[in-house]
Amino acid sequence: MDLGVGGIQALSELINPKEESDSDEDAPVSSAAKMGPGQVGPTKKNKLETGPKTMKKSSKDIWDDEEVQVGAEFDDVDDPRPQPEYDIVYKQSVMTEDIFLQMGNKSPATSSCEDIVIKIKLPDTKYADVELNLTDKFLDCRTPKYKLGIHLPHPVDSKNGKAQWDAQKGLLSVTARMIREYDFMNF
């Protein structure tokens, strides 16, 4: 194979390309190298932009609905009543094909559960003394001896909930259907 002088020089330039400049001025500069002491920390806003960008509603409300925590109206710091014992249990409806044939998408995980059951132990309490309030994200149960206010781990259908009272055990069981965003994937 005869390359000749021009071919050898071209091959040499491919293997070891010539650098055009040895100075640092031509080298690419990173964004961290451009940073000075004035750019450390959060960026400062212009004084013209400090005003609110959205207009407040014309109502006389102090807080918006998003700013008030759900169930805050039930909080009472000065109430001396103790909190009763309670358990939160998840419940799922399982059919024979789920158990024996394993044809369904159900698993023992809570993501496959449809209902949430809150079991509240209220010893020495009468059914007539129990006051129960269930919202989508909060459960409030009050008796003359006990007070319970809990934020639920998942939103529930509060309109179609069910409560059962066991007088012998002093146990109130509240069952509600959970409403979760990705339930269509689990069922």
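This short presentation walks through the strands, salt bridges and surface patches of one predicted protein model.

Good morning, colleagues. Please keep in mind throughout that the structure is a prediction. Let me begin with the overall composition. The protein chain contains 4 helices and 7 strands. Read along the sequence, these elements follow the pattern α-α-β-α-β-β-β-β-β-β-α. Of the 187 residues in the protein chain, 21% are buried.

I turn now to the strands, beginning with S2. This strand covers residues 115–121, and 5 of its 7 residues are buried, so S2 is largely enclosed by the rest of the structure. Which strands does S2 pair with? One partner is S1, which runs antiparallel to S2 and is joined to it by 6 bridges. Within this pairing, lysine 91 stands opposite aspartate 115 in S2. Another partner is strand S7, residues 171–177, again in the antiparallel sense, with 7 bridges to S2. Here lysine 119 has serine 173 in S7 as its bridge partner.

Strand S7 also pairs with strand S6, residues 162–166, in the antiparallel sense over 5 bridges. Serine 173 appears in this pairing as well, since glutamine 164 stands opposite serine 173 in S7. Serine 173 is thus a bridge partner of lysine 119 and stands opposite glutamine 164. S6 and S7 form a hairpin, with 4 residues between the two strands. In the turn, glycine 170 has a positive phi of about 65°.

A further contact in space concerns strand S3, residues 131–134, where leucine 134 lies. Leucine 134 counts as buried because its relative accessibility is 17%, and the cut-off for buried is under 20%. Leucine 134 and alanine 176 are 42 residues apart in sequence, yet their C-alpha atoms are 9.2 Å apart in space.

Let me move to the charged pairs. Side chains of opposite charge can pair when their charged atoms come close. How many salt bridges does a search of the whole structure find? The search finds 3, and I shall take them in turn.

In one of them, glutamate 85 pairs with lysine 121, with 3.7 Å between the closest N and O atoms. This pair links distant parts of the chain: glutamate 85 sits in the loop between H2 and S1, lysine 121 sits in strand S2, and 36 residues separate them. Glutamate 85 counts as exposed because its relative accessibility is 55%. Lysine 121, at 39% relative accessibility, counts as partly exposed.

Another salt bridge joins arginine 177 and aspartate 115, and here the closest N and O atoms are 2.9 Å apart. This pair also links distant parts of the chain, with arginine 177 in strand S7 and aspartate 115 in strand S2, 62 residues apart. Is each partner buried or exposed, or something in between? Arginine 177 is partly exposed, at 43% relative accessibility, whereas aspartate 115 is buried, at 12%. Aspartate 115 is also the residue that lysine 91 stands opposite in the S1 and S2 pairing.

In the remaining case, the side chains of arginine 142 and aspartate 140 meet, at 3.1 Å from N to O. Both of these residues are buried.

Finally, I come to the surface, where I would draw attention to two patches. The negative patch is formed by Asp61, Asp64, Asp65, Glu66 and Glu67. Glutamate 67 lies in the loop between helix H2, residues 31–34, and strand S1, residues 86–91. With a relative accessibility of 53%, glutamate 67 counts as exposed.

The nonpolar patch consists of Val94, Ile99, Phe100, Leu101 and Met103, which together have about 580 Å² of accessible area. Leucine 101 belongs to helix H3, residues 96–101, and is exposed, with a relative accessible area of 58%. Valine 94 lies in the loop between S1 and H3. At 38% relative accessibility, valine 94 counts as partly exposed. Valine 94 and serine 107 are 13 residues apart in sequence, with their C-alpha atoms 9.9 Å apart in space.

To close, I return to strand S2. S2 is joined to S1 by 6 bridges and to S7 by 7 bridges. S2 also contributes lysine 121 to the pair with glutamate 85 and aspartate 115 to the pair with arginine 177. Thank you for your attention.

Notes: Residues are numbered from 1 along each chain as its sequence is written. This is a predicted model: local features need pLDDT of at least 70, side-chain atom pairs count only at pLDDT 80 or more; totals for chains, interfaces and linings use all residues. Side-chain values use heavy atoms; hydrogens and water are left out. Patches are made of residues with over 30% relative accessible area and no salt bridge: like charges are joined within 9 Å, nonpolar side chains (Val, Leu, Ile, Met, Phe, Trp, Tyr) within 5 Å. Accessible areas come from the Shrake-Rupley method with a 1.4 Å probe; for residues, only the protein chains shown count as cover. A salt bridge is a side-chain nitrogen of Lys or Arg within 4 Å of a carboxyl oxygen of Asp or Glu. Lys and Arg count as positive and Asp and Glu as negative; His and the chain ends are not counted. The place of a charge is taken as NZ of Lys, CZ of Arg, CG of Asp or CD of Glu. Buried means under 20% relative accessible area, exposed over 50%, partly exposed in between (1.4 Å probe, protein chains only). Two strands pair if DSSP finds at least two bridges between them.
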